[in-house]
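Trainee: I have the sequence and the model open, but I don't know where to look. Please give me a close look at the core, and then show me how the rest fits around it.

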Amino acid sequence: MAYAKWIGGFLGLLNGGILGALAGFAIGVIIDSFSDDNAPVATDGDASGSGTGNMQQEGERNGFLFSLLVLSAHIIKADGRIMHSEMELMRKFLRNNFGEVAVGQGEQILLRLFDYHKRNGNDLWQAQIRQACDEMARVMPQEQRLQLMSFLCEVAKADGHVDGTEINSLRQVAVGLQLDARVIDQMLSLGGTTLDDAYKVLGLTPQATDEEVRKAYRKMALQYHPDRVATLGEDVREAAKRKFQEINDAKERIYKARNL
């Protein structure tokens with residue numbers, strides 16, 4: 001599967017460094033175990049070929065999770081510090097979505113990535129992240145990449161402050177994933193309560209026309225609809241639904257202010 005190829009490729013690109021850090025850690029087994037409890041169960045009435053579909057969905061889910069861990073390590077270290085609040089957010093995400101066993105396994109992967117970064121320096125790390133993003137962009141649909149960026153923004157916000165280095169790193173990742181860097185400003189404004197926040201969510205200014213507001217909302221509604229990430233599992237779909245509701249809330253604030 002494409003996901004398995006890029007994961008293997010990413011590990012290979014690290015020239016053995018991360019493989020050494022992960023020595024004794026069966027990475028394939030670990031990633032597979034994250035989704036064992038969430039994998040669809042075939043029934044007697046399943047049509048032939050459904051197993052292939054289930055394997056594809058599991059591959060997408062595992063690829064998404066591994067992408068999340070790699071890029072979360074990058075964002076967590078962006079400001080030079082590993083904050084307890086950011087790590088706790090990762091633990092909570094893994095616990096809620098993949099079970100208690102996944103918490104320790106995911107944390108060990110993150111710690112090994114941090115160690116690789118520390119031992120090999122920032123220049124090599126940045127190069128590896130760029131290459132990893134390029135591979136993710138090749139195999140992940142846009143809606144999955146957007147959901148990935150949405151979660152990375154939550155990681156950056158976990159300590160209550162997003163500084164310039166974190167914003168720059170988020171934009172770097174967005175561009176590497178072949179997304180518009182402006183999506184970062186939109187995502188960081190999600191959950192805000194002001195009219196200005198609402199305009200930022202839609203990527204607009206208060207000077208936008210009513211038609212521009214409608215067009216921007218329709219575009220986001222299509223891009224961020226939770227059904228577009230359904231193959232990643234119900235937990236990821238639920239996270240997407242919460243983001244979708246925040247987009248709708250922003251739209252409603254603007255519509256109310258304009259009497260639309």
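Mentor: Let's start in the middle. The largest nonpolar core has 64 residues, and those with the most contacts inside it are Leu71, Leu148, Met149, Leu152, Leu177 and Leu202. (A nonpolar core is a set of buried Ala, Val, Leu, Ile, Met, Phe, Trp, Tyr and Cys residues joined through side-chain atoms within 4.5 Å; buried means under 20% relative accessible area, exposed over 50%, and partly exposed in between, using a 1.4 Å probe and protein chains only.) Helix α4, residues 50-76, gives the most to this core, with 10 residues. (Helices are DSSP runs of H or I with at least four residues, strands are E runs of at least two, and both are numbered from the N terminus.)

Before we go further, keep in mind that this is a predicted model, where local features need pLDDT of at least 70 and side-chain atom pairs count only at pLDDT 80 or more, while totals for chains, interfaces and linings use all residues. Residues are numbered from 1 along each chain as its sequence is written, and side-chain values use heavy atoms, with hydrogens and water left out.

Now click on leucine 152, one of the core residues with the most contacts. Leaving aside its neighbours within four places in sequence, leucine 152 is in contact (heavy atoms within 4.5 Å) with Leu68, Leu71, Ser72, Ile75, Leu170 and Val173. Leu71, in that list, is itself among the core residues with the most contacts. One place along the chain, cysteine 153 has a relative accessibility of 1%, so it counts as buried. Cysteine 133 is buried too, at 2%. Still, a search of the whole structure turns up 0 disulfides (pairs of cysteine sulfur atoms within 2.5 Å).

Let's step back for the overall picture. The protein chain has 13 helices and 0 strands, so to speak an α run from the N terminus on: α-α-α-α-α-α-α-α-α-α-α-α-α. Of its 260 residues, 48% are buried. Count the contacts with a separation of 6 or more, and 73% of them come from residues 24 or more positions apart.

Next, look at helix α8, residues 142-157, which packs on α13 at an angle of about 75°, with the axes 11 Å apart. (Axes are lines fitted to C-alpha atoms, for helices over the stretch in contact, and angles run from 0 to 180 degrees between N-to-C directions.) That makes α8 roughly perpendicular to α13. (Under 35 degrees counts as roughly parallel, over 145 as roughly antiparallel, 65 to 115 as roughly perpendicular and the rest as oblique.) On the α8 side, the contact is made by Gln147, Ser150 and Glu154, and on the α13 side by Val236, Ala239, Ala240 and Lys243. Sorted by type, those residues are 3 nonpolar, 2 polar and 2 charged. (Ala, Val, Leu, Ile, Met, Phe, Trp, Tyr, Cys and Pro count as nonpolar, Asp, Glu, Lys and Arg as charged, and the others, Gly among them, as polar.)

Two residues of α8 are worth a click. Serine 150 sits in this helix and is buried at 6% relative accessibility; residues up to four places away in sequence aside, serine 150 touches Met187 and Lys243. Glutamate 143 is in α8 as well. With a relative accessible area of 19%, glutamate 143 is buried, and beyond residues up to four places away in sequence, glutamate 143 touches Gln223, Arg228 and Val229.

α13 has another partner: helix α12 (residues 210-223) and α13 (residues 234-258) pack at about 170°, their axes 11 Å apart. The two are therefore roughly antiparallel. From α12, Asp210, Val213, Arg214, Tyr217, Met220 and Ala221 make the contact, and from α13, Phe244, Ile247, Asn248, Lys251, Ile254, Tyr255 and Arg258 do. That set divides into 8 nonpolar, 1 polar and 4 charged residues. Arginine 218 is found in α12 too, and is partly exposed at 44%. Arginine 218 is 16 residues from leucine 202 in sequence and 9.8 Å away in space, C-alpha to C-alpha.

Finally, two backbone oddities. Glutamine 178, in the loop between α9 (164-176) and α10 (183-189), has a positive phi of about 60° although it is not a glycine, and glutamine 178 is exposed at 55%. Asparagine 259, in the segment after α13, also has a positive phi, near 60°, without being glycine, and counts as exposed at 71%.
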